[in-house]
Amino acid sequence: MASQLVKFAGLSDQDRKRVTPLPKLTAGDRVELHVRRRDGHDDTLALPPAAATVVEALIDRLLSGERVAVLAEEQELSPTEASNILGMSRPLVVLRMDRGDLPFRYVGKHRRASLKDVLALKVRLDAQRGAIEALVDDAEELRVQYGA
């Protein structure tokens, strides 16, 4: 699968004010997507429950002011795209690839990592950061209690 640029979309403040939030879905709810074309023709598409859940989450995130991107789990990402998701520099992503922390393959001369592997690395890094922050908090508490 070829890499596609990760494109984030967001709503302007004006658009966020015009859109009404989607009521929370409950079991048995049906969601239909209604499209009115320029020529006046209407199309309606019934969404399966799994797709409705994704649409609900997408709208919630957009209305809260977040920018979102929709990607397939097997989507392949360049080191630059992976760096955007991981919140680190491209050279550090390449270093993680070279160390074996992030599986990748070559497409010609270009490295590609699956989104699934990038997200798995993000989970591990977030857990490590959380543990480090907890240690720092404990050390600060001990310093305050017992002095430096």
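How many salt bridges does the structure hold? The count is 14. The model is a predicted one. This report takes the nonpolar core and then the charged pairs.

**Nonpolar core**

The largest nonpolar core contains 13 residues. Within this core, L86, V93, L102 and V118 have the most contacts. Three helices each give two or more residues to the core: α3 (79-86), α4 (90-99) and α5 (115-146). The largest share comes from α5, which supplies four residues.

L86 deserves a separate look. Leaving aside residues up to four places away in sequence, L86 touches V93, V118, L121, K122, L125 and R129. Two of these partners, V93 and V118, are also listed with L86 among the core residues that have the most contacts. The contact list of L86 also includes the charged residues K122 and R129.

**Salt bridges**

Three of the pairs are set out below, with the distance between the closest N and O atoms.

| Basic residue | Acidic residue | Closest N and O atoms |
|---|---|---|
| R16 | D13 | 2.9 Å |
| R36 | D42 | 3.0 Å |
| R61 | E66 | 3.2 Å |

How far apart in helix α1 are R16 and D13? They are three residues apart in this helix (residues 13-18), so about one helical turn separates them. Their exposure classes can be given too. R16 has 28% relative accessibility and therefore counts as partly exposed. D13 reaches 52%, so D13 counts as exposed. The cut-off for exposed is over 50%.

Is D42 buried or partly exposed? Its relative accessible area is 33%, so D42 is partly exposed. Its partner R36 is at 61% relative accessibility and counts as exposed.

In the third pair, R61 has a relative accessible area of 44% and is partly exposed. E66, at 35% relative accessibility, also counts as partly exposed. Both values lie between the limits for buried, under 20%, and exposed, over 50%, which is why both residues fall in the class in between.

Salt bridges can also share partners. K122, D126 and R129 are joined in this way into one network. Two members of the network, K122 and R129, return here from the contact list of L86.

**Where the two parts meet**

L86 links the two topics. L86 is one of the core residues with the most contacts, and L86 touches K122 and R129. K122 and R129 belong, with D126, to the salt-bridge network.

Note on methods. Residues are numbered from 1 along each chain as its sequence is written. This is a predicted model: local features need pLDDT of at least 70, side-chain atom pairs count only at pLDDT 80 or more; totals for chains, interfaces and linings use all residues. Side-chain values use heavy atoms; hydrogens and water are left out. A nonpolar core is a set of buried Ala, Val, Leu, Ile, Met, Phe, Trp, Tyr and Cys residues joined through side-chain atoms within 4.5 Å. Buried means under 20% relative accessible area, exposed over 50%, partly exposed in between (1.4 Å probe, protein chains only). Contact means heavy atoms within 4.5 Å. A salt bridge is a side-chain nitrogen of Lys or Arg within 4 Å of a carboxyl oxygen of Asp or Glu.
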